[in-house]
Amino acid sequence: MPLWPVYTGMNEPHDGIEKLPPPPPWRAFDGGPVLGAPGASADGAAVSPDRMHRAETYQATEQTVQLVNAALYLRRPLLVTGPPGTGKSSLAYAVARELRLGPVLRWNITSRSTLHDGLYQYDPLSRLYAARQEAARPDRAEETADGSGIEHHLRLGPLGTALLPYARPRALLIDEIDKSDLDLPNDLLNVLEEGQYEIPELVRASRLAPDGIAEVLADGTDERVPVARGRVRCRAFPFVVLTSNGEREFPPAFLRRCVTLHLRQPDDRHLAEIVRAHLGEPDAYTQTLIERFLARAGVGDLATDQLLNAIYLARSADLDAGSLDRLAEQLMPYLGQSAQPDAF
């Protein structure tokens, strides 16, 4: 009996869900946390199964390898442009895994994102509430008065964490920078050029602290890191990947400070390598799907993840050749949206 379909639309309850084959490797959720401090894992992989899979299967072109190395040597951000689905965001995970840079710090940009969001978040209202609570307790009055509790209401953002003085660089993904407002690229210039920033709230509080050291939370972890007198300066400049779908132009001053990599839609040889990395050796029918995908991708309405989804279904549905052919032809345009961020 064919595995496809599990859902029949006949409104008759059944246990067909048990027939589902194993999920695609990029959708294999495990539900468990990855333990260990940043940079401590053996392979430097990302925290989720999806991101781990991206890192393990990324297929870099020769140009990609050369420009990643240029960014690493020059200690410059890498601006990666190209159509959705070409692997822009996956590149950061692949580099971090190979070079053991620890979990990737990710900053997803929207039209409301500001430089402050990337550096740190401070909640003055929670601090005010905590101060009122402490004022009601005489044994905490001195601590409340000297302002030493400010660090408990402050957390570093992904950019702020990446610029901490780590011995080895951290990997930072600033995803879809072209969605930001007009000011953000220019606002990033000084911070990325100088590799440092200040936290005004901690600068003021440090004047009252004996050693000027505040322990604050880093992004993506419950780990507290020391910040001296409210100033952060990197030791190893982070590997920064900024992705863009080409929806806007950037200021010349911003572009001059970046190494720029443009990713194109893969050709038939590269697509076969991608399929092999994700789903194993392509068979004859897979090659047919690749050829159909290339014919459709020429008009710009398909992304690589849609091809991978179609191949996975073709291998999992257990249909005869004619039914399989009709299924793949019908579903490929709907198995993902080319307007979405990179999936692979």
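Q: Let's start with helix 11, residues 268-279. Why does its span agree with its number of residues?

A: Happy to start there. At 1.5 Å a residue, the 12 residues of helix 11 should span 16 Å, and the end C-alpha atoms are 16 Å apart, so the two agree. Keep in mind as we go that this is a predicted model.

Q: Which residues of helix 11 are buried?

A: The general idea comes first: an α-helix has 3.6 residues a turn, so residues three or four places apart point the same way. In helix 11, the buried residues are His 270, Leu 271, Ala 272, Ile 274, Val 275, His 278 and Leu 279. You can try that spacing on the list yourself.

Q: What comes just after helix 11?

A: Gly 280 follows, and this glycine takes a positive phi of about 90 degrees. Next along the chain is Glu 281, whose side chain meets that of Arg 276 in a salt bridge at 3.0 Å, N to O. Glu 281 counts as exposed because its relative accessibility is 54%, while Arg 276, at 35%, counts as partly exposed.

Q: How should I read a salt bridge, and how many does a search of the whole structure find?

A: Side chains of opposite charge can pair when their charged atoms come close. Here, searching the whole structure turns up seven salt bridges. One of them links Glu 193 with Arg 76, and their closest N and O atoms are 2.7 Å apart. Glu 193 sits in helix 8, and Arg 76 in the loop between helix 2 (62-74) and strand 1 (78-81), so this pair ties together parts that are 117 residues apart in sequence.

Q: Are Glu 193 and Arg 76 buried, partly exposed or exposed?

A: Glu 193 has a relative accessibility of 34%, so this residue counts as partly exposed. Arg 76 also counts as partly exposed, at 29%.

Q: Which parts does the salt bridge between Glu 198 and Arg 231 tie together?

A: In this pair, the closest N and O atoms are 2.9 Å apart. Glu 198 belongs to strand 6 (residues 196-198) and Arg 231 to strand 9 (residues 231-233), so the bridge ties together parts that are 33 residues apart in sequence. Glu 198 is partly exposed at 43% relative accessibility, and Arg 231 is partly exposed at 45%.

Q: What about cavities: how many of 30 Å³ or more does the structure hold?

A: A cavity is a space where a 1.4 Å probe fits but cannot get out. The structure holds three cavities of 30 Å³ or more, and the largest has about 60 Å³ of space.

Q: Which residues line the largest cavity?

A: The lining is made up of Arg 76, Pro 77, Pro 185, Leu 188, Leu 189, Leu 192, Glu 193, Phe 254, Arg 257 and Cys 258. By class, that is seven nonpolar, no polar and three charged residues. Helix 8 (residues 184-194) gives the most to this lining, with five residues. Glu 193 and Arg 76, which we met as a salt bridge, are both in the lining.

Q: One more feature, please. How many disulfides does a search of the whole structure find?

A: A disulfide is a covalent bond between the sulfur atoms of two cysteines. The search finds zero disulfides here. As for the cysteines Cys 234 and Cys 258, the cut-off for buried is under 20% relative accessible area. Cys 234 therefore counts as buried at 18%, and Cys 258 counts as buried at 12%.

Definitions and conventions:
Residues are numbered from 1 along each chain as its sequence is written. This is a predicted model: local features need pLDDT of at least 70, side-chain atom pairs count only at pLDDT 80 or more; totals for chains, interfaces and linings use all residues. Side-chain values use heavy atoms; hydrogens and water are left out. On a 1 Å grid over the protein atoms alone, a cavity is a set of points where a 1.4 Å probe fits but cannot get out, and a pocket is an open set with protein on both sides within 12 Å along at least five of seven lines; lining residues have an atom within 4 Å of a point. Grid points are joined across faces, edges and corners, and a volume is the space filled by probe spheres set on the points. Helices (H or I, at least four residues) and strands (E, at least two) are DSSP runs, numbered from the N terminus. Ala, Val, Leu, Ile, Met, Phe, Trp, Tyr, Cys and Pro count as nonpolar, Asp, Glu, Lys and Arg as charged, and the others, Gly among them, as polar. The expected span of a helix is 1.5 Å times one less than its number of residues. Buried means under 20% relative accessible area, exposed over 50%, partly exposed in between (1.4 Å probe, protein chains only). A salt bridge is a side-chain nitrogen of Lys or Arg within 4 Å of a carboxyl oxygen of Asp or Glu. A disulfide is a pair of cysteine sulfur atoms within 2.5 Å.
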